[in-house]
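Biologist: I'm new to reading folds. Could you walk me through this one?

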Amino acid sequence: MIKRRDFIKTSAALGVPTAAILSACNPNEANAKTVKGSLENAAKTPLVISTWNNKLANQTAYEIIKKNGSAVDAVEAGVQIPESDPKDQSVGYGGHPDREGNVTLDACIMDSKGNYGSVTYLQHIKHPIAVARKVMDETPHVMLSGDGALQFALSQGFKKEDLLTAKTKADYKEWLKTSEYKPKVNIELHDTIGMIAIDGVGDISGACTTSGLAYKMPGRVGDSPIIGAGLFVDNEIGAATATGMGEAVLRSVGSFLIVELMRNGLSPADACKEAVMRIIHKQSYKDLQVGYLAVNKEGDYGAFAIQPGFVFALTTDEETKVIDAISYI
């Protein structure tokens, strides 16, 4: 039987497109169904793109770019919008707590130079993305976690706050009656925000922030703060970000995979699709949601998800719009 890598080399030498090669190596690819949405798109740069219906976050980020600000400043400011929103129960203030009733936050940021900052299992700080930026800019480290991340944040002037709202406290008390843990597709996961921006000089940066799964085990960290999983940026190629069940994204290092697929010639949409298919082939996916969003250096963008319902927000000079991603199911 011909090996996958030999088949790819032979086919590439014959001029067969990379996407066709991957499809041929992946017999289940042809079984994918699609929902409404556009598989391949191109937008003028600069642009801001983010997971889910985060129009205000996008517009906040884009205003910075319009004033000749950098992509990294834009994404940091943009994702702080849902971090501050008490109605958004999957990001920052008002996020669902873990099983012990504590709101624990994960966030990361990556700039066009490959610099990266991250915080995991951070408590009591409303804007974990700003702490991640401080880790990137002010320390020799890439990631700080738990109490160490909290003490660093306090040393940088951040204010310690109670992140539980009356709503999340009431929800938690109701959950304790059964303590039944059943993540729901596109419900408790749906507000995690991953954002990518291309600024006026063509530099790319990204940010990702979340309070993670509702009622998770204490200490659980998902994909959102992990470089190559929830977010990856390569300024020469493009960037990708993820949403959904973090464990599945972590197992496949999905965002790094997508950028490498784009490096090898796939479009953002096809790269996202291939990353989803890698998950589907290795584990049960009927009650699992993972969605990927990617852009390349030219401003082409695409998204793909396991389940229907994943949308993303796009902002350019022309407009801000919410677009339905294509899904496997």
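Modeller: Sure, let's start with the sheet. Its 8 strands form an open sheet with mixed pairing, in the order β5-β4-β3-β7-β6-β2-β12-β13. Strands are DSSP runs of E of at least two residues, helices are runs of H or I of at least four, and both are numbered from the N terminus. Two strands pair if DSSP finds at least two bridges between them. At the edges, β5 (143-145) and β13 (320-324) each pair on one side only. From one strand to the next, the twist averages 10°.

Modeller: A word on the source: this is a predicted model, where local features need pLDDT of at least 70 and side-chain atom pairs count only at pLDDT 80 or more, while totals for chains, interfaces and linings use all residues. Residues are numbered from 1 along each chain as its sequence is written, and side-chain values use heavy atoms, leaving out hydrogens and water.

Biologist: In what sense do β3 and β4 pair, and over how many bridges?

Modeller: Strand β3 (residues 105-110) runs antiparallel to β4 (residues 116-122), over 5 bridges. Ala107, for one, has Val119 in β4 as its bridge partner.

Biologist: Which strands does helix α5 touch?

Modeller: Contact means heavy atoms within 4.5 Å. Helix α5 (residues 128-138) packs on the sheet and touches β3, β4, β5 and β7 (204-210). Its direction makes about 135° with that of β4; such angles run from 0 to 180 degrees between N-to-C directions, with axes fitted to C-alpha atoms, for helices over the stretch in contact.

Biologist: Why does Glu274 count as buried?

Modeller: Because its relative accessibility is 5%, and buried means under 20% (exposed is over 50%, partly exposed in between, with a 1.4 Å probe and protein chains only). Glu274 sits in helix α10 (residues 268-282).
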